[in-house]
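I set out to record how the helices are arranged and how confident the prediction is. The entries below follow the order in which I looked things up.

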Amino acid sequence: MIAPAGVQALQVLTVLCGAPLVSGVTSHIEARLQGRRGPRVLQPYYDLAKLFRKETVVPEGSSWVFLAGPVVAFGCYLIVPLLIPVLTTYGLPLGYMGDILGGGMVLALGGFAAALAASDSGAPYAQLGASRAMTFGALTEPTVLFVVFIVAMITSTDLPYALAATVRSTSEAVRPSHVLVAAAFFLVVLADTGRIPVETHSGTLELGMIDEARTLEHSGAPFALTKWGSAIKQLVLYTIFINVFVAPWGLASSGKVVDVVAAVLSLLGKALLLGVVFAVIDNSFSKLRLFKITEYLAAAFLLACLGVIVFYVGGA
Amino acid sequence: MGPVPSGYASGADVAALLVLLTEFAMLRAPQLRSQVRLYAFQSLVVVVLTAVTGAVRCHPDLYILAALSLLLKVVIVPALMLRLLRELDVGQLHHPAGGGGGSMVLVAIAVSVFGFFALRSLGFHSKILPTATLSVAVAVVLVAFVLVVLRSDVVSQAVGFFSVENGVSIVSMAIAAGLPVVVEVSFLFDLLVAVVVFGLIMRAHHARAGTLSTGALDRLRG
């Protein structure tokens, strides 16, 4: 048996250590789909190790905010796995510390810290990226709020554990509002992780950059933290999508070692599967023009909005 | 926590929602051709819903309706429209004038919300289809009207008109599934007439204005 506190620590550790693997596998598969050999699956770990050994260069005139930003963002992204069902079906001691809105706020705080650091660098591209990220972030907020509303209406609470339990218990009948909400959240994840309809995450095309541009000025250990942080954010969003909305199966229902290990493996497996889906999407669509992104986000909002209405009208 | 809907009811709801989402996609479709294809897809969803409802609720005449609509709405009408577009060779029409970006979608959301709540206050309950399906179908009709009103090209107006019929056929299935087949078939015949009329209008407008956009209609002619 593992104590609840131990499982909780393991949730954070799983996300911390698994995130680069998920990014690595995804980019490897993406390269394969494009007919390239692609980087090794473990490449993100080597990158991080290399960056941590490099020296840190700070732009002239920037303050401590520039160096604190990545650390704060990294910390924020690590708090979220405490709040969501990463490994267990039952709530862990700190799991009731915050609801979905709390988790969203912590994620947004991380984004805010990264944007502050980018602005403090004084470099034009970093500032452009930060301002764009904030602008489009403000447009995804309404969608996220409506998603939370539906979760609250279906479960009468806004705890992620409760929704996951509801999804598990009603496997034979799909609620239409739930389908819509899952679709809306999928689009939000796609936008928030900087995937293709919104941003080319691996390119260096300055004009279309959003998240990538924010980190341009960072180097050395802070840069490693930003890279690692964005991988963690990606895995956290995947986990919310999988374990709360779509497939909350394979989680540990007790603290037995076998159960917990199985839960870790199943989470990583499901995340990798989702990563493959994202890689396929990456290869089958082209990037939207910057001013078309609002339409994409309007579509996500439409789905969430219809979900709320359908639930309210049909009670389903 | 509300009661969990049964498999059939939630399937019908999802199908109706799919119809509604296709309607929204038509609203935003940049190309006229893709609009017609979306219409074919929407009709296909309606046909499947009709056939499944016929099977679940034991209304064998719905099969006839489904077969006829499959032939007419999924195959013949889209094929005729696509052929017409190819003949007129309009290519990609520029994006419609009225209401750019997301505002058209926002208007449509507002209208469909109105439809949902208006129907809810009427207190209809269908024995055939779940209530949510009925209100989604009403929203489909209203959004189709938005499509007709806001997009300024003849094809959108024709497609909008046809998809009004899709919404109406779901509503009629919900309210009166036992409707005599003759009446249903006469609806479909109506649609066929509409295709002919819209085809004529499209040809005439294109011959006179050289475009399918209705923006050319507000110019005064001496």
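**Entry 1: confidence.** I note that pLDDT is the predictor's confidence in each residue, on a scale from 0 to 100. The model is predicted, and I therefore began with this score. For chain A, I found a mean pLDDT of 85, with 95% of the residues at 70 or more. Within chain A, I located the lowest confidence in helix 6 of chain A, where the mean is 77. The highest is in helix 2 of chain A, at 93.

**Entry 2: helix 6 of chain A.** I next asked how many of the 10 residues of helix 6 of chain A are buried. For helix 6 (residues 160–169) of chain A the count is seven, so this helix is largely enclosed by the rest of the structure. I listed the buried residues as A:Pro160, A:Tyr161, A:Ala162, A:Leu163, A:Ala164, A:Thr166 and A:Val167. Looking for what covers these residues, I found that the cover includes helix 4 (100–121), helix 5 (124–155) and helix 9 (220–246) of chain A.

**Entry 3: helices 1 and 2 of chain A.** I looked up the crossing of helix 1 (residues 4–33) and helix 2 (residues 43–53) of chain A, whose axes come within 7 Å and cross at roughly 125°. The two helices of chain A are therefore oblique to each other. From helix 1 of chain A, the contact uses A:Pro20, A:Ser23 and A:Gly24. Helix 2 of chain A supplies A:Gln43, A:Pro44, A:Tyr45 and A:Leu48. Sorting this contact by class, I recorded four nonpolar, three polar and no charged residues.

**Entry 4: chain B overall.** I turned to chain B and found seven helices and zero strands. Along the sequence, the pattern of chain B reads α-α-α-α-α-α-α. Of the 222 residues in chain B, 45% are buried. I also noted that, among the contacts in chain B with a separation of 6 or more, 76% join residues 24 or more positions apart.

**Entry 5: helices 3 and 7 of chain B.** Which way does helix 3 of chain B run relative to helix 7 of chain B? The axes of helix 3 (residues 61–88) and helix 7 (residues 181–209) of chain B come within 10 Å and cross at roughly 5°. With angles under 35 degrees counted as roughly parallel, helix 3 of chain B is therefore roughly parallel to helix 7 of chain B. Among the contacting residues of helix 3 of chain B, I noted B:Asp61, B:Leu72 and B:Leu88. Those from helix 7 of chain B include B:Val181, B:Glu184 and B:His206. By class, I recorded 15 nonpolar, three polar and two charged residues in this contact.

Terms used. Residues numbered from 1 in each chain as written. Chains lettered and ligands numbered in written order. Predicted model: local features only at pLDDT ≥ 70, side-chain atom pairs only at ≥ 80, totals over all residues. Axes fitted to C-alpha atoms, helices over the stretch in contact; angles between N-to-C directions. Helix = DSSP H or I, 4+ residues; strand = E, 2+ residues; numbered from the N terminus. Parallel < 35°, antiparallel > 145°, perpendicular 65-115°, else oblique. Contact = placed C-beta atoms within 7 Å. Nonpolar A, V, L, I, M, F, W, Y, C, P; charged D, E, K, R; others polar. Buried ≥ 20, exposed ≤ 12 C-beta atoms within 10 Å, placed from the backbone.
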